[in-house]
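Biologist: Please take a close look at one part of this model, beginning with a single aromatic side chain and its surroundings. I would then like the account to continue to the other side-chain contacts, with the geometry stated in each case.

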Amino acid sequence: RQCRYASLATAPTSAPPVPRPSQNAPRIARYPSTQPPSYKPAEFRKTQLNRQYQSLLRSSPVVLLFQHNNLKATEFMALRRELAQALRKVDEEQAKVGDVSYVGSEAKIQVVQTGILAAALKVVEFWDPNFDADASAQPATQAAPGSSQSLVQEKVVEHKLTHGLSRDAWLAAWRRNKTAKHGLEPLLSGPIALFTLPTVSTAHLRAALSILAPSPAFPAPKRKANPGYYEAPVQNALQKLMLLGARVEGKAFDTEGVQWVGSIQGGLDGLRAQLVAALQGIGAGVTTTLESAGRSLYFTVEGRRIMLEEEGKETTE
């Protein structure tokens, strides 16, 4: 009976073949376009601080470096209050003459981690993504999808990342740092605080220096005009705060250079006016020199001619 049942059983049918994906199907990206991979793990706080410091340095043409020693939270809050008040006065004065940019409202002072700031500064100074060159270097002909040439191109594009946390940025900064210097290396040690301005405004810079680092060139406000500045928390904070230098338009300055930048009247426009006046003065000096040389030559020739004429008259007589 078992043999009879076995003879009546139908032959097993094979499973249908699994359809293979087409070779022309596009490759699936391994990461979203808004979250490209970074050289260091993106979930680490150090990585995010590095990205934040790079953005801060690129977007702030004026950066003042201060060293703070055991600055308490209450003292730092009092110092921020006086700084915001001084910058607000500058904004109000500029608003009266038509400048409503309110640069002082976007100024910030914050404590940073020195080691991460040094790494971010190297990337900002020594690495240029050069987006235009990358766009011009793309091949004019597009390879067929699925071909070996297309796979190679996709692999190159996948590894060609142009953000500040990419491996290319880290390698470029590491290589350039062997031979080039940005000038702030001696200052990046110990506890550091940064004061940043979104634009080069010498009026706001003078106000900030008069609060954070008063000097004869930038005196502190009078007690009668601003009694809150002479409170104990503010004065204790000033004793623990020391100006080290600055980075203005990508150039490193010491304390004397910071005072020179702050003494420029009118900011960049005032500096351009001084440059134009100096060039005009040079041109006027060159013109006067050439005219004086021509005049002296004319007087010399004319005097010689008169002398020869007189000698000729004496010989004829």
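Modeller: Trp-170 is a suitable starting point: its relative accessible area is 38%, so this side chain is classed as partly exposed. The model under discussion is predicted, and every value below is to be read accordingly.

Together with Tyr-39 and Trp-174, Trp-170 makes a nonpolar surface patch of about 320 Å². Tyr-39 comes from the loop that runs between α1 (2–8) and α2 (45–59). With a relative accessible area of 33%, Tyr-39 is partly exposed; it can belong to the patch because membership requires over 30% relative accessible area.

Two members of the patch also interact as rings. A pair of aromatic rings is described by the distance of the centres and the angle of the planes. The structure holds 2 aromatic pairs. One of them joins Trp-170 to Trp-174 in a stacked arrangement, with 6.2 Å from centre to centre and 5° between the planes. The planes count as stacked because the limit for that class is under 30 degrees. Lys-178 adds a charge here, lying over the face of Trp-174 at 3.8 Å from the ring centre. Trp-174 itself has a relative accessible area of 44% and is therefore partly exposed. The two tryptophans belong to helix α7 (residues 167–176), where they are 4 residues apart, about one turn of the helix.

The pair formed by Tyr-229 and Tyr-230 is edge-to-face, at 5.4 Å centre to centre and 85° between the planes. Its partners differ in their exposure. Tyr-229 is buried, at a relative accessible area of 2%, whereas Tyr-230 reaches 28% and counts as partly exposed. A charged group is found at this ring too: the charged end of Arg-223 sits over Tyr-230, 4.5 Å from the centre of the ring.

I turn next to the contacts between opposite charges. The count of salt bridges comes to 4. In one of them, the side chains of Glu-75 and Lys-240 meet at 3.2 Å, N to O. Glu-75 lies in helix α3 and Lys-240 in the loop between α9 (232–239) and β4, so this bridge ties together parts that are 165 residues apart in sequence. Glu-75 is buried, with a relative accessible area of 6%, while Lys-240, at 21%, is partly exposed.

Arg-247 and Glu-125 form another salt bridge, their closest N and O atoms being 2.8 Å apart. This pair likewise links distant parts of the chain, since Arg-247 is in strand β4 and Glu-125 is in helix α4 (residues 114–126), 122 residues apart. The relative accessible area of Arg-247 is 10%, which makes this residue buried; Glu-125, at 25%, is partly exposed.

Arg-81 and Glu-82 also meet in a salt bridge, at 3.0 Å from N to O. Arg-81 is partly exposed at 40% relative accessibility, and Glu-82 is buried at 2%. Glu-231 joins these residues, so to speak, in a network of salt bridges that links Arg-81, Glu-82 and Glu-231.

Finally, two loop residues merit attention for their backbone. Asn-70, in the loop between β1 (62–68) and α3 (73–96), has a positive phi of about 55° although it is not a glycine. Asn-70 is exposed, at 70% relative accessibility. Glu-249 also has a positive phi of about 55° without being a glycine. Glu-249 lies in the loop between β4 (241–248) and β5 (251–253), and its relative accessibility of 49% makes it partly exposed.

Conventions
Residues numbered from 1 in each chain as written. Predicted model: local features only at pLDDT ≥ 70, side-chain atom pairs only at ≥ 80, totals over all residues. Heavy atoms only, no water. Patch = residues over 30% accessible without salt bridge, like charges linked within 9 Å, V, L, I, M, F, W, Y side chains within 5 Å. Areas by Shrake-Rupley, 256 points an atom, 1.4 Å probe, with all protein chains shown as cover. Buried < 20%, exposed > 50% of the residue type's maximum accessible area, 1.4 Å probe, protein only. Phe/Tyr/Trp six-rings, centres within 6.5 Å; stacked < 30°, edge-to-face > 60°. Lys NZ or Arg CZ within 6 Å of the ring centre and 35° of its normal.
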